[in-house]
Amino acid sequence: DFVKGYNRLGSAQQSLKRFNDAIDTFKKGIKIEPNNESLWNALKSCEEAYEADKKMKFEKAEIERKIEEERQLQRENNNNDNNINNINSSNIEATDDIMSDFFKDIESSTQQVKEEIQIKRDEKSLTQKVVDYKLPDSKTLVEKLLSSNYEYKNLNPYYVLDLDIDAT
């Protein structure tokens with residue numbers, strides 16, 4: 001039997017955290033060659049790593065248990081809060097309906113006022129546009145009326161008077 005093979009196999013199993021298999025492999029190698037110092041050191045190292053891994057898993061499980069207990073307490077507190085809120089909300093529901101109707105009325109009337117203000121602004125801007133408009137002088141108007149193809153162009157007052165399309 002090849003002792004180095006047991007050492008290599010045990011080391012590979014230890015690195016894969018298969019500690020029981022690794023310990024068994026190291027022990028098989030020691031049975032073949034009981035004076036092999038590297039196998040004894042590897043066995044000791046593997047047993048220490050196994051104990052450290054068990055301790056780490058135990059601590060991790062303890063932390064997870066505490067976290068779960070805290071979550072459970074939070075759920076219970078939330079349930080108690082919800083029960084209190086349900087009791088209070090049943091008393092408040094009647095006033096909530098009245099208040100929501102009141103706020104809906106205010107919101108709709110506010111919206112109507114905003115729409116009216118916007119319409120007035122639009123009318124004012126259109127009126128201002130017409131008031132600010134300056135007609136071209138008569139010479140320009142006559143030139144436009146008598147330009148080439150005048151029979152067709154002078155039929156359009158927007159063209160002749162340089163009016164915007166929205167001018168009324």
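## A salt bridge along helix α3

Because glutamate 68 and arginine 71 are 3 residues apart in helix α3, about one helical turn separates them, and in this predicted model their side chains meet in a salt bridge with an N to O distance of 3.9 Å. Glutamate 68 is partly exposed, with a relative accessibility of 37%, and arginine 71 likewise counts as partly exposed, at 46%.

## Overall architecture

The protein contains 6 helices and 0 strands, so that its elements, read from the N terminus, follow the order α-α-α-α-α-α. Of its 168 residues, 14% count as buried, and a search of the whole structure finds 7 salt bridges.

## Further salt bridges in helix α3

Arginine 65 and glutamate 69 form another salt bridge, in which the closest N and O atoms are 2.4 Å apart. These two residues are 4 positions apart in helix α3, and therefore about one helical turn separates them. Glutamate 69 is partly exposed at 40% relative accessibility, and arginine 65 is partly exposed as well, with a relative accessible area of 37%.

Aspartate 53 and lysine 57 also lie 4 residues apart in helix α3, about one turn of the helix, and the closest N and O atoms of their salt bridge are 3.3 Å apart. The two partners contrast in their surroundings: aspartate 53 counts as buried because its relative accessibility of 8% is under the 20% limit, whereas lysine 57 counts as exposed because its value of 52% is over 50%. Both residues belong to a network of salt bridges that also includes Lys17.

## The loop before helix α3

Asparagine 36 is placed in the loop between α2, which spans residues 19–32, and α3, and with a relative accessibility of 15% this residue counts as buried. The side chain of asparagine 36 is joined to that of serine 38 by a polar contact of 2.7 Å, and a polar atom of the asparagine 36 side chain also lies 3.4 Å from the backbone nitrogen of leucine 39.

## A negative surface patch

Asp96, Asp97, Asp101 and Asp105 together form a negative patch on the surface. One of these residues, aspartate 96, lies in helix α3, which covers residues 37–132, and counts as partly exposed at 42% relative accessibility. As a member of the patch, aspartate 96 takes part in no salt bridge, because residues that form one are left out of such patches.

Notes: Residues numbered from 1 in each chain as written. Predicted model: local features only at pLDDT ≥ 70, side-chain atom pairs only at ≥ 80, totals over all residues. Heavy atoms only, no water. Patch = residues over 30% accessible without salt bridge, like charges linked within 9 Å, V, L, I, M, F, W, Y side chains within 5 Å. Areas by Shrake-Rupley, 256 points an atom, 1.4 Å probe, with all protein chains shown as cover. Salt bridge = Lys/Arg side-chain N within 4 Å of Asp/Glu carboxyl O. Lys, Arg positive; Asp, Glu negative; His and termini not counted. Charge placed at Lys NZ, Arg CZ, Asp CG, Glu CD. Buried < 20%, exposed > 50% of the residue type's maximum accessible area, 1.4 Å probe, protein only. Polar contact = N/O pair within 3.5 Å; in protein donor to acceptor, adjacent residues only side chain to side chain.
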